[in-house]
Amino acid sequence: MLLLVIDIAKKTERGDTMKELDILDGRKNQVSTVGGTNSQAVEGNKRSLAGSVSQRACVFCGSRVVLYPIGDALHIIHGPIGCAAYTWDIRGSQSSGMELHRLSFSTDLHEKEVVFGGEQKLYKSLIELIDLHQPKAAFVYTTCIVGVIGDDVEKICKLVEKEKNIPIIPVQAPGFQGTKKDGYKVACEALYTLVGTGDRPAQKYSINILGDFNLAGELWILLDYYKRMGIHVNATITGDGRVDDIRNAHKAQLNVVQCSGSMMYLAKMMKEEYGIPHMKVSYFGIEDMSDALYEVAKFFKSEELMSKAKELVREEFSRLMPDLQWYKERLAGKKAAIYVGGAFKAISLIKALRLIGVQTVLVGSQTGTTEDYELIKQLADEGTVIVDDSNPVELAHFVKQKHADIFIGGVKERPIAYKIGIGFCDHNHERKEALAGYEGMLNFAKEIYSTACSPIWKFTK
Ligand code: SF4
């Protein structure tokens with residue numbers, strides 16, 4: 001089925017006319033306009049509708065992006081080579097040590113294994129790779145075809161674990177068994193098998209950072225802030241992640257969760273079993289970055305931590321503001337469209353854009369919940385379109401209708417922006433520019449300015 005565009009002429013804000021988009025019936029409650037006739041709540045957490053080309057990835061991909069940054073573990077994909085190629089080096093996650101995550105291993109299943117089973121091939125691949133790379137653990141991802149042929153992956157993992165004496169963890173993620181978000185849950189379950197198996201001594205003011213993936217070295221920026229405050233970071237899950245740190249993750253006093261869509265499930269399991277509380281934060285934009293540091297200081301009820309956090313924020317703020325003011329003057333009046341993986345990040349982006357004079361006119365995400373969209377609605381300006389699990393036709397339509405000058409998204413949104421002839425900012429896994437923290441806010445402003453104000457766009461109109 002194709003998305004239908006019906007021929008109803010509609011006046012846009014600039015006075016020109018464009019066709020109204022006929023949203024598929026089954027998706028109508030996933031699109032809303034703040035203050036418009038369709039301002040109902042946006043329903044999140046739904047499976048993608050057949051016929052609507054989703055921007056979402058599969059369950060396997062969801063699990064792979066979460067576990068991928070663990071640099072001293074072997075990641076082997078049990079399936080046809082395409083699943084591995086599709087997720088090879090999928091995040092720009094940097095590592096301060098081993099970089100096993102950057103290699104893509106696959107059992108490369110063929111017709112023979114589909115008929116007779118791929119267990120032997122998996123066993124041999126694991127033994128060979130463990131001997132060659134000496135990893136601290138191995139994650140074995142199952143894909144669609146393994147879900148169909150029914151290989152007993154758990155049995156093989158147990159066998160190799162016994163033989164090689166390292167954790168071999170099955171990641172049961174056939175692509176067809178749900179949404180990308182289900183893949184996050186599968187990844188959390190896999191991680192949880194490691195948590196609690198280490199016996200490192202606990203430290204004072206100790207936190208785990210959950211849901212930062214060290215894209216372009218962002219985690220290292222955060223580690224510096226926490227160090228300046230006197231906070232001990234016990235484990236980073238999974239950016240620059242290490243198996244031994246994850247094994248000792250239960251020794252922290254607090255789980256600080258960014259990208260809550262992917263990591264909240266792990267935080268909840270740790271709360272239930274180890275009593276470790278968790279808090280949701282965002283490290284994007286000055287406001288949310290500062291709030292994250294204050295909230296952590298507040299949690300430990302320490303005057304000393306709080307005064308160090310205030311000092312840090314003051315220092316960074318006064319260093320940053322003159323530069324941001326320069327960008328704000330040049331970006332005044334520009335409009336942005338946002339389509340990202342998790343809705344929580346979109347909330348920070350709206351605030352960060354506002355700080356540099358940019359109005360957000362379209363906000364969407366792949367995995368947001370109804371509650372996330374309600375928060376976005378409260379924050380967004382009148383007329384902003386909010387959309388869940390969108391597709392290229394809808395996104396292109398709303399970007400044009402709202403006259404956005406910049407599209408902020410990931411690899412699948414980049415061609416939409418360039419085809420329309422507007423600026424693009426990569427805020428997804430593949431980004432090469434650190435966008436978190438105070439330094440990240442400045443990089444973000446620079447990137448938005450250089451793309452939105454590029455002279456190239458006058459030749460595309
Ligand atoms: S949908 Fe299935 S076959 Fe396609 S990449 Fe995901 S796991 Fe592999």
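This report describes the unusual backbone geometry and the ligand surroundings of a predicted model. Residues are numbered from 1 along each chain as its sequence is written. Because the model is predicted, local features need pLDDT of at least 70 and side-chain atom pairs count only at pLDDT 80 or more, whereas totals for chains, interfaces and linings use all residues.

Most residues other than glycine have a negative phi, and most peptide bonds are trans. Against that background, the peptide bond between I237 and T238 is cis, with omega at about 10°. T238 is placed in the loop between strand 9 (232-237) and helix 9 (243-247), where helices (H or I, at least four residues) and strands (E, at least two) are DSSP runs numbered from the N terminus.

Two residues other than glycine with a positive phi are set out below.

| Residue | Phi | Loop |
|---|---|---|
| Y205 | near 45° | between helix 7 (180-192) and strand 8 (206-210) |
| D240 | near 45° | between strand 9 and helix 9 |

A residue is buried if 20 or more other C-beta atoms lie within 10 Å of its own, exposed if 12 or fewer, and partly exposed in between, with C-beta atoms placed from the backbone. Y205 is buried because 20 other C-beta atoms lie within 10 Å, and D240 also counts as buried, with 25 C-beta neighbours inside 10 Å.

The ligand is surrounded by C58, F60, C61, G79, C83, Y86, T143, C144 and G175, each with its C-beta atom, placed from the backbone, within 6 Å of the molecule. Helix 1 (59-67) and helix 2 (81-86) each contribute at least two residues to this shell. By class, the shell holds six nonpolar (Ala, Val, Leu, Ile, Met, Phe, Trp, Tyr, Cys and Pro), three polar (the others, Gly among them) and no charged residues (Asp, Glu, Lys and Arg).
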